[in-house]
Each structure stands twice: as structure tokens, then as C-alpha cells.
Amino acid sequence: MFEVLPQLSPDPILGLSAAFKQDTNPNKIDLGVGVYKDEQGNTPILSAVAKAQQVLLERETSKTYITPQGVQGFIDGMLSLILGDKSPVMLADRVAAVQAPGGCGSLRILAELLTRVNKDTKVWVSDPTWANHIPLIGNAGLAIETYPYFDKASASIRFDAMLDALKKVEKGDVVLLHGCCHNPTGADLTHEQWQAVMEVAKEREFLPFVDIAYQGFGDGIEEDAYGVRLLCENLPEVIIAASCSKNFGLYRERVGLAAIVTADTKTKSIAQAQIQNVARGIYSMPPSYGGALVDIILSDVALKQEWQSEVNEMRNRMRTLRSLLVDKLSEYGAQKDFSFVNQQKGMFSFLCISPEQVQKMRSEHSVYFVDSSRVNIAGISLSNVDDMAKAMVSVINS
Ligand code: LMR
């Protein structure tokens, strides 16, 4: 019966890994999937995580189900990481939250919840946005619209156009915003721009949906929460999907948080029961392992400090690699100024070259990145940056 299904083209991001594996060039470079890598190209288990695993091994006495909302210590720890220790919405008991299988699981169950509120809800996403946002949210049955976000020609945010579009969004529509380290562009809103978005949200009464998957990779763990905190402190309702894949390096454990800031405590209880019921109808119970590790880390002063310094180290390394790449491109004679890469934040940068040039990088130089020109900065290293820069220069100067 499955022969009726059409052949699919490869996933725009995951397909790159498969193509990279098949390439026999010993000097191939992988700047595709957003996974942190060290200088040797490995994605090691963070040392705070390795220690938490030992604690968990001794502490865990059963594999029976955990509660439907997930590990409560994980939820509390994550909420204070995202919203702050003295978050007014937490103090007012206005936040419903569940542990979900990854940031993706969180995005999906929140999208399903939105269909329960109104199946005709429109979700506005940035142009461009992470490719998987569209199926994760759209397949729940919601209509997807786009608002302008990034201008490739000037390598900057089209903020006026973005704001004009948001001013036309209707009451009850949902606007997806990247909490920090915008995927794929690496271009983040300034504090003033967040303020302006918050004011338009208040005026138009749309619901901000914040996807925060890279907290700590931009300017710092606290700093990267500026936008989401501003929205939560000034608006009656906000929904949040958070991921521990990148900042805790827990990719395969699928650890995420779905949170719903509601207008009052009574609605919080309703939202809590509804989101648990959504999850029950999709995957029934949350996984425990990754959430338990994050709980152990965030509730232990020494382990939390160790984790924070590991996040700082990853962030600083990616910053150094950005400027190294920019310097090397100029040293090898690039006819284009790439200094904008230094202003971008987090794991990704848009190199702002054409899809044809990206394909040439792949076919002629075995350098793999997404057609949009998004590169995973963490895939660059001291040993491949010269090859990468030379390849870029030969492609863009030709
Ligand atoms: C990415 O954007 O590369 C990551 O979030 C991994 C993925 O699943 O696409």
C-alpha cells in the first residue's frame, strides 16, 4: 500500500549529513547540521552532564513512569533559567509547563494546543526561519504566514518591514520569535527592537510564541533571555518552546520545555491540564532521563557553575571562530566584506552568498552547508579554516 506515497527529496538540513558521509574527499568540511563541535570535530558529553549521569545512576531506583508534566525539578530549573529567578509571572503563578521530547516536541504540542484554542489560528514566522518550523507547526493544522526578517543584500535585519508586517497581524494570531541566536541567520533583535515588538504585540493583541533553543550561545545565559523576559513581564500571554539540545549538549536525549504564560492562575490550571492532555494523545508520557540530568545540574551549585562555564567556553570559541573566518576571508582576498559575520550570534551565520555558490562549495570543494548559505560556525576549526576561506574566495571571486 505504501507505493502510493511519493518519493521525498532529502531534508534540507539532515540530507546534508548523508551527502557529507558519502563524500570521499579526506579534506571535506561539515558546516551543516547545528551541532556543537570542538577543535577535533567531536561533540563531547559536557563534563557537568557526565557527572550528573553518575549521580543519576546511583539515585534512580525505578523506571516506572514519571508524572505527566515531567521532572518537576527540571521544569522549575528551566523556568528560572528562562524567565529569571524572580520572574513576576512565576511569582504570580501564571505559568503552565511540561517537559517535552526536545524543543521540537515542545513546538509541536504548543501548536496542537493552539489548534484547540482556534483551528484557524495563523502563525507568523520570520522569513527566513528554521526549515523545520514549518512542518512542526503547520502539520498540526495551523496556517503559516511569513513576516520579513532578513535582507541578504545588506546582511541585516529588515526591522522596519518586520514591524510594519507585525502591525497588520490580527488579534489572536501567533507570531513566532527566536529568543536568541536566530536560526538560520544569526541576526538577533536589539533591546530596542524587542521593546518595539513587545509594544506592537500589546497593541495588536497577538500571541508571541518564543522558540529559545540556543540560550547562552549568543551573549550569555542571562543576556540571551532578555527578549523572552521582556515579553513575559509586559504581556498577558506568551508561549515558549525551549531546548536543552545545544546548551546542555543533550541532543539525542530529546529534552525540551513547553511553557504557557497565562493571564491568571485559573487559566494556568486549565492550560496545564490541556497541554498534558495534548501530550497524552501524541506520546503519552514524557521521557525522563535528560530532564533528570538537567534537574541535577541546575539544583547543584557546583555543577551549575561548571555547566555555565562550559556554555561560556562554547560561546567564546564560536565567537573566536567567527572572527578567524572573517580575517581569513579578507587575507585570501575576498571581494566581499564579510565583517557582518562578527555581528551575528550563536551557532549559525548566513554568509549571504547565492544557492549556486553554496552548491559550488559542495561540489568543487567538499564544504557542506545549507543552500540558504547558513553555516554552522562550530564546524570551523583551526585546521580547516584556511581551506574553507580559500574555497569561499575562489567561489565568490570567480
Ligand atoms: C539545525 O538547525 O541544524 C538543528 O536544529 C538540527 C535540526 O534538526 O535541524
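**A friendly tour of a predicted model**

Biologist: Which residues of helix α2 are buried?

Modeller: This is a predicted model, and a residue in it counts as buried if 20 or more other C-beta atoms lie within 10 Å of its own. In α2, the residues that qualify are Ala48, Val49 and Ala52.

Biologist: Why are they on the same side of α2?

Modeller: An α-helix has 3.6 residues a turn, so residues three or four places apart point the same way. The buried residues of α2 cover an arc around the axis, which puts them on the same side, and that arc is only 90°.

Biologist: What do the buried residues of α2 pack against, and which exposed residues does the face turned away carry?

Modeller: The buried residues pack against α11 (289-298) and α12 (301-331). On the face of α2 turned away from its buried side are the exposed residues Ala50, Gln54, Leu57 and Glu58.

Biologist: Is Leu14 buried or exposed?

Modeller: Leu14 sits in helix α1 (residues 14-22). A residue counts as exposed if 12 or fewer other C-beta atoms lie within 10 Å of its own. Leu14 has 12 within that distance, so Leu14 is exposed.

Biologist: Where does the ligand lie with respect to domain 1 and domain 2?

Modeller: The residues around the ligand are Ile13, Val33, Gly34, Trp130, Asn132 and Asn183. By class, they are three nonpolar, three polar and no charged residues. Both domain 1 (10-44 + 307-397) and domain 2 (49-299) give residues to this shell, so the ligand lies between them.

Definitions and conventions:
Residues numbered from 1 in each chain as written. Predicted model: local features only at pLDDT ≥ 70, side-chain atom pairs only at ≥ 80, totals over all residues. Near = placed C-beta within 6 Å. Nonpolar A, V, L, I, M, F, W, Y, C, P; charged D, E, K, R; others polar. Domains from an automatic or database assignment. Helix = DSSP H or I, 4+ residues; strand = E, 2+ residues; numbered from the N terminus. Arc of directions from axis to C-beta. Contact = placed C-beta atoms within 7 Å.
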